[in-house]
Structure formats: structure tokens, C-alpha cells
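Reader: Before relying on the terms used for this model, I should like to see how each is justified. Could you take me through the reasoning?

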Amino acid sequence: MNRTHIRLIVRIWLGLMAIVGVALSASSAANAQDTGGTITVNVFNQTKDAKGVATKVAVPGVTIKVSDDTGAAVTSGATDAAGKVVLKVPTQTKFNLDLDVATLPKGVVLASGQTEKAVVDFTVGAGIGGNKSYNYFLGKDDRLTTGRFKLLLQTLVNGVKSSAVLAICCIGLSLIYGTTGLSNFAHGEIVTLGAIVTWLLNQEGPKLHLLLAAPFGIVASALAGMGLERGVWRPLRKRGISLTSMMIMSIGIAIAVRYVYVFMSNSKFNRAVYYRQYHAQPEWSIGPIGINERDVIVIVMSVAVILAVSYFLLRTRQGKAIRAVSDNPDLASATGINTNKIILMVWALGGGLAGLGGVMFGAAHGLQWDTGFNLLLLLFAAITVGGLGNPFGALVGAVIVGMATELWTWVFPSFLEYKNAAALGALIITLIIRPQGILGRKERLG
Amino acid sequence: MNWALIFSNGLYAAVSANAVAYMLIASGLNVHFGNTGLLNFGQAGFAAVGAYGIAIPVSQYHWNPFAAMLVILVGAVLLAVGVGLLTLRLRSDYLAIVTIAIAEIIRIFVNGDHFKWLTGGNDGLQGFTRWMENASPFSTNGVKIWAQKIDGYRLWLLVSGWILLAIIATALYLLIRSPWGRVLKGIREDEDAVRSLGKNVFAFKMQSLVLGGVVGAIGGMWLVLDKQSAQPGDFATTLTFFAYTMIILGGVAKVKGPIIGAMMFLFLFTWVDSFLREATKTSAGKEPVLPKWLITDNNYAQVKYIFAGVVLAVLVAFRPQGIFGDKKEQAFDVR
Amino acid sequence: MSDDAVSNYGAEPSAHIPEVQPIDAAAPLSEQTHAAEQASIDAAEAELASLEAIEPEQADLESVVAGPAAEEAIEVEESMHNVQSTVSIPRATTASSEGVFNDVVAEPGSSKPDPIVVAERIRRQFGGLVAVDVDRLEIQRNAITALIGPNGAGKTTFFNLLTGFDQPNEGSWTFDGTPLLGIAPHKVAQMGMVRTFQLTKALSRMTVIENMRLGANHQKGEKLVQGLLQFPWRKQEHENTIRADELLQRFKLDHVRDEFAGSLSGGQRKLLEMARSLMVEPRMVMLDEPMAGVNPALKQSLLEHIKLLRNEGRTVLFVEHDMDMVMEISDWVVVMAEGRIIAEGPPETLGQNQQVIDAYLGTHQGADLGEEE
């Protein structure tokens, strides 16, 4: 390299510097004079296919409004075919964007987490060439009628699940009422007992599989029912206690037992606890409906048990005796039926079924100290709607109450927490229209 | 073991403003159940009307508290009429379940998020007692009686509560002994007999519901004035069941029944709790009085509820006329 | 009691009253009509004569009732008989129905000269069972009518329908001209038609006197506000108590006045229910099996009380199974079977009525058991 080359390189470098300097100064000069900028807004409809791969589809015709920090409107525009709109703003300061949802096409709403308002602030970053951009993401509208219909099917399936558990629990309650006249307010606690004993064997102690632990829970509940009958109700019946007294006693027993559960478990059951198996279940899709293995087992088992109990009540001698005592205890005993033995059988059956229902409910929703108590009101609603004293009425009532609670969530999805109120409302309405319940019999006077 | 504290806690609980509230709620229920034979299991709903009837207008809308009391009155009457229209045509077995249902529906809606703007939702409402505090002639420091500290506001509520209770109890006493009360007694025995004598049973039952409901609502108001907070959890079915326990304990159908019953129940309830709290306390390295394997300071709180439930069951089985009742006049349905 | 039902009613049988015979379809019509006409003329004459004698005779009644201190049923019976004979009312007067019934046709649904209740086409069905199917019934005022029939005939259901305790599927009836269809039972009672129940409803946990006071009508103290205020009803309560005590004395229950009704015997409870229903000052008293479960000693006094009700000017309709009682005191008998009225007539005629016999004994009562149909 000689002196001429060096002088050439220096001249070129200086020249470049000069150009850059002029350009820079020119651009800043330009900025100083023309402080305006642009905001580019893109609106996309994003869909994910079955594999989770996202595709973006441009959404034209969507109006975006721009206002400044004081709220004064600045400009607005609509997206073009590419889903893009470039909005000019006078200064490079802070602006508010507002997507006019009314201009969204049908079937498209803002994606979850996406709000219609956004802030574009030039002061935190000038953007490239005085342009800042913002992207709006949209998603499918699940509230469409076609979506709604699919949701209805799912709701009906949920209703069946709910009805199944209720039905299992309340057959016993209805039979107890029918044969002894007692409104057993302690039934909820028997439900809880089945769930608890199963839990103890499943999560603690021998850690049996749920399907092995459940029978123990059922037996425990059956024994509890029989114990109550033999140890409490029968001796009192002999002394001639009134039905009202027995009902209030059952309330006292229920309160005591509920808190015993808390006490003995050292408050372990204050929050929901779950079984080791069948808790978190992968959902299968059958057409539009989501269901899992546990639900299928619950429904199938419930139907099987209900059929078995129905057969028992209708076809076997014991079952007929139960129905006879349920209908007219004095007459039944006059025909030679040992009413006390039948009543004991009813408490065993009712208790066992309650325990089974408790396990089923616990498997799906977890169990707590007051699981049974929370169900109790629904159980009473079910047997009252169906007609007090009639076990088949209990089934009808369970279906109605189960369906009513789930349908409520479909009709009023934002009012989920009131679904129990819906069941109770169904109870009141049924009693206004048909005071004896659906399968109940009107009493003759005299 | 601080026996003085245990006993004074119990005694105070038996006569405090809170006790008066329960006496009123139970007295209202006694009109329904004891005097008319109506199995109202929704008395908690009436108490809630009283509670939220004072809390909502005063704390949310800054109403005059006496105007709010009119709201309570109207609300209780409306609820009673509503309950009556729905249930009085039904058999008594159904009455219990439907009244529980109605009370639960009220509680569910009061608890709901959508009504949080009105009822405070699950958190409830506060700040509706200033007017009562201002009315108190006692200094806020209050007094200490035996081992029990009572602040001035609560002392005022206690005194004014007992005066209110005396007035209401006298009115109830006069009513129950009048021909009106006699018809109720007849209805409790046998409605059809009373009908055959020309009395409009439906109207009497309705009046009984209204009377007991209004008294129960006043009790609910006193309850939250004492607690200084109105929360849906306080108006669950447990409240109704405790009221029943108090009525049965003290003697069904007698005006003094709920009053004595509440005193006995609350004394025992609180005594048991205080006793267990003391007996399971571990302080300064000392071992608690009761062995840890039996009960600890973590779970002693449940025992009072267990106790309450057992008392109710045993009472109904073996002494349904209550502690002071007369077996002949045993006002329990011996159907 | 003898078969001659006529003489048992104690009043002087008037010579004009014809021999009571079942209406013989074979006899020429003109004879029957003539006999009937004659009887009714005589009855009217006798009634006229008695109307002038009403007041003193009622006073006699009362003094005799209030007087006797004897508590034996027999003594009461004797004093009652004394009342009848000292007053010497021929039956065809104040409370008599014998003459009144003279031209009434002994057929179901026949019209009565002065009916207090007229019922038409009353039908009550329970599912497939027709419990009551009454074409027409008229109940004569101021008479004792018995409603008899085998079990399940629908008598109590009919009672319930008439008094508003049950609603018919169709039909209508009037009480003293006022239609009662759809009227609530308590209003029916207020109008003056009071019934008792087959299973006595003595209010057990109330005292006898309280039971009675409850029955009193038009009580001001039964209104909520007035009940509270005390003074509006004190005086009325006092008057009612006096009236109650008088009734209790009449029914011989005054010595158990302050006992709980639950501690009374079955018969005493029946008397209480009857006495209590009188506190309502009814114009018509409907007694559902007043003799059921009552011991024989008390039955006689009950009978006399019923007769006294009629003599006071009230109408009595009662259901009974005890045929002796029916024969003894009823002026007219209505027979129901399978929901229908199958016969009506004076009590002595019904023993011969084939339909009545069939209803009670069954249509094959002559056939040998085991005989093929």
C-alpha cells in the first residue's frame, strides 16, 4: 500500500461518513419537522388443528379506532384483504387502539386473553421508520348455535352421570322413608362413610386399588345403616316415638357424625381428597361428547345396580315384602311379614347403596367431610319430586334433579354456582303442580 | 386451667346479645313448630332476611336504619306469605323439605358472585352498625365481669336486646293464651277437626308463619348487629337445627322455652369449647391437661358440634318435653 | 227395643196416623193416596196445635235438662223420657217428622216436604273406583235421618263431599238454598252444617273446656290483633265458657272439665265431640258413626242426646251400623251401597226391602257355598 492508496481510502471513508452524517441529520431533521408516525395493525384468526399446529387467517373489514392519551379520537381504519391496516398518527407519542368487535365477522371473537383495547407507545421505542405495529389475535366463537348444540349433548351426558350417582344414593333413602316413615337426615353421612372408608384403604393403610377398597366402603355403610336401625330406631319405635322426633334425632346424629369425621381425621377432610385411581382421567371423545373411563364405569355400574335392585324389588319374595311394608306396614305385618327383619334389610341395602354412591361421587369429585351433607338436599329433592315412599319414584326424581342441575349449567353457563338452586327450584315447582310427587299417590280422606 | 374464664365464657354466652338473637330466632320458630305444629326447617331464611335487611340498606345505600327495619318487616312478611302459599297445601312431610329448600336457595343466591354488588357475596357485608354504636350509653372500653371482658357496644346490645326480648316475649305470651293461640293449638292437634268447627285453618297457619317469621327476622338482625358482619355462611341449615335444639331443650310451645333453652344450649356449647381450649393448650412447655392422643388444640373445635348433635338426639329420644316440660302436655307430635 | 218403631218415639201416637205399611205396589193407587192424604192432613192439624204450645214446652225441656243431678245413664234416660211425656208433644209437632214423612215416597231420591239439603248428581271417582254416585237426595229439615249401608258403600265419602272435606268430580248441592259446591269446609261449618268424624277428633292435648271454647263461633279473640289486645274478647270468652259449661253439664262431662281430652274414654270423647260441635250453633249436625266404640251403657244416653238435637230444631244426619240404634231414633233412613242410594224410607220398612237385604248380605245369600254359578 503506498501513500496514494491510503489517501484514497481516507477520502472514501470520510465521504461515507459525510453521507451517513447527512443522512442522519437529514432524517432527524425530517423527524423534527414531521413528528407523525404510523401504526400498522394486523388482525388474524388463529386456528389450531388436531395436532396443535396453528394457522393464521387474515381477517378483513375489521375497524380499528385510534385515540390519544386524553381519549380524543385521532383516526380509524379498516383492515384490508390481508388483514392489515396502516393508521397515520400526528405525533410519536402514546395512543390507544380499540378494535370494534361489531365489525368482526360471524363466528369469530377475540381469542382468550386478547382484549379489544391495546396501547401503542412510541416513547418506549420509536419503531422502524416511525412505524409501530400491533397484532390482534382472534379465535373461534364457541357460543355459536352449532357449538351450543354440541355442548347440549355433553350436558346431557353429564346429566346422566349426575343422575346415576344420585339414583344410587337415594333409592335407599326412599325405601327407608317408605318402610319406616323416617326422613333420614343422616343419610348423607352414610354416603360420606362409604367414601371415607374406601379412601382410608385406598390412600392409606393397605393402599388397596380403588376397586378392591370400594367393597369395604360399601359394607361399612351397610353395617352403619343396620347398626343405626338395630341400636337406635328399633328400640325407639318400640317405645312409640313419633316420626317427627325420629327425624329431628336423625338431624342431631348427622351433625354429630359429620364433626366426628372432621375430628377423627384431624381435619384431613376439610378439603377435597381423592382416590389414587380414576382421579385424573384422560378424556375420550366420542363424536361431540367428551367422556372418560371412570364415567363409563360409573354409568354402567349404576345402571346395572339399579336394574338389579329393581329386579330384587319386583321379582323376589324379599323385595315384594319390602314393597308391602313400604305400602302399608300394619297390613304387611298382619299377613305374617316380619316387618322388623324387612326394615333391617332395607337399612342394609340402603346403607350399602349410599356407600357405593359415595365412592362413585368421590371418584369423580373428590371427597370432603360434608360431601354427603351437600348431596343430602339434592337427594331429598329427588325423592320428593319422584314421590315419597316409592323407590321407582326416587329413580325418576334422581333423573329429573340430575338433569335439571346440568341443564342449568348449559342454559346459564355463567351462573354455574346456582345449579343446586335450580334443582331445589325444580322440587318446588313439581310440588306446586303435583303435590304428591310424580309417582306418589294422593291420599284419600277417611 | 383457668376455670374462671371457662365458666364466665359460658355464662356470658348464655346471656349475651348473641344469645338474645338466638332466643328471638328460636321464639319465632316456636310459634311455627311448637304452637302450630308446622315443621319449618327454613327459619335460617327468615333470620337471613333480618340480617341482610339491615346490612344491605345501611351499608350499601346508607339508609336510615329505621327505614331498614321496615324493609326487614316487609321482607319477612313476603317470605312468610311466599312460603305459606307454596307449602301450606302440602303434607307435613313435604313441608320440612320444601322449607329447607327455600332457605338454601336464599343462601345460595346471597352467596353468589353475581349478587356480590348487593350482598357482598361470600365475604358478606360490614359497616352497618355505626348507628347502633353511637346509640350506646356505655363507654367503648366496656366492663370486665368476673373473667369476661365485654366491650361497651356489646354491653349495649345485650341490655337493649333483653328489653326488646321482654317486649316480644310478652306479646307472644298474650297471643298464645288468646283464642287466636287456641286455634293454633287445635291446628297442631288436628286440622280437620278445627275446620269442622268453622275456622279457616289456612289463614291461621299463614298468620303463624308471618308472626314467627317476623320475630325470627328480628333475631337475625340482632345476630349480625352483634357480629358486625353479615355473611351467608351464618344462615345455613345449622342455624335452624340449633334453634330446634334450643326449643326442645327449654320446652316446646312454651314462651319461656326458647329463652331458657337458648341459655342452656349456649352455656354448654361455649363451656365445652372453652374447657377444651384450656385443656388442650400447650403453654410455655407445659403439657396440656388432656392427652394428645385423645384431643389436640387442632381438633378440639369440632367437639362442641359433636356435643350439640348428641344433645339434640338424646333429648328428643328421652326427654322430648324438655328439661322443664310436663310429659302430659308434651307438645310433640306423637303420631 | 221393640219392633214397633212408632211407639218408641214416646209421643202420644195420634189416632189419625195410619198403620205404617210398606207401600204395596199391588194395592190400588187410590187407596194409598187416600191414606197418605189423610195422614198428611192429620199431621198438619197436629202441627198447628203444637205451634201454639211451643214456648212453654221448650222451657219445660230446659228445666228438666238442667235439673237432674243423677249421673247414671239410666237415670238420664228416665229423665229424658220424662221430658218427652211431660211436654206431651205429639211427634207431628216441633221436631216431629213422622207426620212430615207421611207422603214422602219411599224411593231413592224422593222429595221431602221441607228439605234443608238437596243434592243432585253427586259423583266421586278415585281412579277406576266410583265411590259415590248419588242421583238425588233430599234431607228433611228438623228430622233425624240415618244413612246406612255396608262397609265401602261410600257413606263417609258422601259426608266428606257434602261438608267440603272432599271435592266431587261432578254434582251440586244446596244447604238451605245456598249452593255448596266448591265451598271450603270451614265455611260450610260456619254456614251451620257441622260434622263429626268416624275416628273421633277430640283434641287430646287440650282440656275438655278448652276443646269446647275452641268450638264457639264468631270469636273476636280469634283475630290476631284483637287476640293480642285482650280486652276485646274477654267478655265474649266469659259468655262462651258459661255456654260451654252448660253443654258439658248436659252431656255429663262437667266433672272432667279440666282434664286433658286425651285422658277421656272413647265414649266420653264421642260425647265431647258432639258437645263441641254444638258450640258452633249448627243448624244441621252430621254424625259419622256416633256409636262406634261406645260402651252400651253410654249408647242409650247418646241416643237421647241425638233426639234432643232434633227436638231443639236442628237437623240430624247420621251414619250408623248399629241397626237397633237406627231403628230406634231415626225418622227416615237412606240406604247406600256401592256408592248409590238404593233405598229410602221409614226405618221399619227397610227390613223387608229386598234390595237392602241384598246389599248387606250379598246377592247369593241364599245359595249354597260351593255351588257353581
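Author: The following exchange sets each term against its criterion, for a model that is predicted.

Reader: How do you know which parts of chain C call for caution?

Author: The pLDDT is the predictor's confidence in each residue, on a scale from 0 to 100. Chain C has a mean of 75, and 70% of its residues reach 70 or more. Residues 1-37 of chain C have a pLDDT below 50, although the model gives this stretch 45 contacts beyond near neighbours in sequence. Residues 48-96 of chain C are likewise below 50, with 64 such contacts. For the complex, the predictor reports an ipTM of 0.89 and a pTM of 0.76.

Reader: What makes strands E1 and E4 of chain C a pair?

Author: Pairing requires at least two bridges found by DSSP. Strand E1 (residues 115-126) and strand E4 (residues 170-175) of chain C are joined by 5 bridges in the antiparallel sense, so the criterion of at least two bridges is met. Within this region, C:Val117 stands opposite C:Phe175 in E4(C).

Reader: Why is the sheet of chain C called open, and which strands stand at its edges?

Author: The 4 strands of this antiparallel open sheet in chain C follow the order E2-E1-E4-E5. Strand E2 (129-140) and strand E5 (178-179) of chain C each have a single partner strand, so one side of each lacks a neighbour in the sheet. Helix H4 (residues 155-162) of chain C lies across E1, E2 and E4, at about 65 degrees to E2(C).

Reader: What makes domain 1 and domain 2 of chain C touch?

Author: The domain assignment gives domain 1 as 5-202 + 264-361 and domain 2 as 208-259 in chain C. Residues count as in contact when their C-beta atoms, placed from the backbone, lie within 7 Å. By that criterion, 16 residues of domain 1 are in contact with 16 residues of domain 2 of chain C. Helix H9 (residues 266-278) of chain C gives the most to the domain 1 side, with 7 residues. That side divides into 10 nonpolar, 3 polar and 3 charged residues.

Reader: How many residues of chain C are in contact with chain B, and which elements supply them?

Author: There are 29 residues of chain C in contact with 26 residues of chain B. Helix H5 (185-191), strand E6 (193-195), helix H6 (208-215), helix H7 (224-229) and helix H8 (231-250) of chain C each supply at least two residues of the side that touches chain B. By class, that side of chain C has 12 nonpolar, 9 polar and 8 charged residues.

Methods: Residues numbered from 1 in each chain as written. Chains lettered and ligands numbered in written order. Predicted model: local features only at pLDDT ≥ 70, side-chain atom pairs only at ≥ 80, totals over all residues. Domains from an automatic or database assignment. Contact = placed C-beta atoms within 7 Å. Nonpolar A, V, L, I, M, F, W, Y, C, P; charged D, E, K, R; others polar. Axes fitted to C-alpha atoms, helices over the stretch in contact; angles between N-to-C directions.
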